[in-house]
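Let's take a walk through this model, going from one helix and its surroundings to the pockets. Keep the viewer open as you read.

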Amino acid sequence: MNEVMDHLDYGLSVLFIGFNPSLRSGEVGHHYANPRNNFWRILHRSGLTPRLYDASEDGELLKLGYGFTNIVARPTRGAEDITRDEYEQGREILRAKLEQYRPRIACFVGKGVYTEFSRRSQAHWGFQAEPVVKEVREFVAPSSSGLVRMPMDDIVGIYRQLSDFIENEG
């Protein structure tokens, strides 16, 4: 199974950070490619994208100032298949990416992604008070997995906070 290529660049508005690619993403080489994943619908409904994008267009979002990476690169069926060693290595690799590229905002797609990265036991939705990497704002958003039990309107509302911030901060 192939790793899914990061989409990174300098000057990004938002770097979206997931746990790791799904098996489907590994097969097709694109982020959030599982048809049960709501990521692309959430971005559109929240106003982060002007139209509904397809996973095959993930590289095109660099033009909007959005990049993609994961805390662990290996595709798995679920986050429960990620080992402690993979998290340990992934945490260091992700920190290096954030320090090198310095996106304005690191958006963690799931509280668990953020708590694994930050080693903090808890997080709240939205911007975090004390970033792990200085000068990179950290935003925690719900996972876009179809398994998430939170109502879609609530999830979209949290992502809309990110959209509104970007729009108002220019």
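Start with what sits over the buried residues of α4: the cover includes β1 (14-18), α3 (84-101), β3 (105-109) and β5 (137-141). Keep in mind that you're looking at a predicted model. The helix itself runs over residues 111-118, and its buried residues are V113, Y114, E116, F117 and S118. Step just past the end of α4 and you hit R119, which takes a positive phi of about 65 degrees.

Now for the pockets. The largest pocket holds about 810 Å³ of space. It's lined by 32 residues, and those closest to its centre are S22, N34, N37, R77 and S145. Helix α4 turns up again here: along with α1 (23-28), α4 gives two or more residues to the lining of the largest pocket. The top contributor is α1, with four residues. If you're thinking about the chemistry of that lining, the split is 16 polar, ten nonpolar and six charged residues.

Next, the second largest pocket, with about 220 Å³ of space. Which residues are closest to its centre? Look for I71, V72, A73, G90 and I93, out of 15 lining residues. Two elements, β2 (66-70) and α3, give two or more residues to this lining. The largest share comes from α3, at six residues, and that's the helix you already met as part of the cover on α4. By class, the lining of the second largest pocket has six nonpolar, five charged and four polar residues.

Definitions and conventions. Residues numbered from 1 in each chain as written. Predicted model: local features only at pLDDT ≥ 70, side-chain atom pairs only at ≥ 80, totals over all residues. Heavy atoms only, no water. Buried < 20%, exposed > 50% of the residue type's maximum accessible area, 1.4 Å probe, protein only. Contact = heavy atoms within 4.5 Å. 1 Å grid on protein atoms, 1.4 Å probe; cavity = no way out; pocket = protein on both sides within 12 Å on 5 of 7 lines; lining within 4 Å. Points joined across faces, edges and corners; volume = space filled by probe spheres on them. Nonpolar A, V, L, I, M, F, W, Y, C, P; charged D, E, K, R; others polar.
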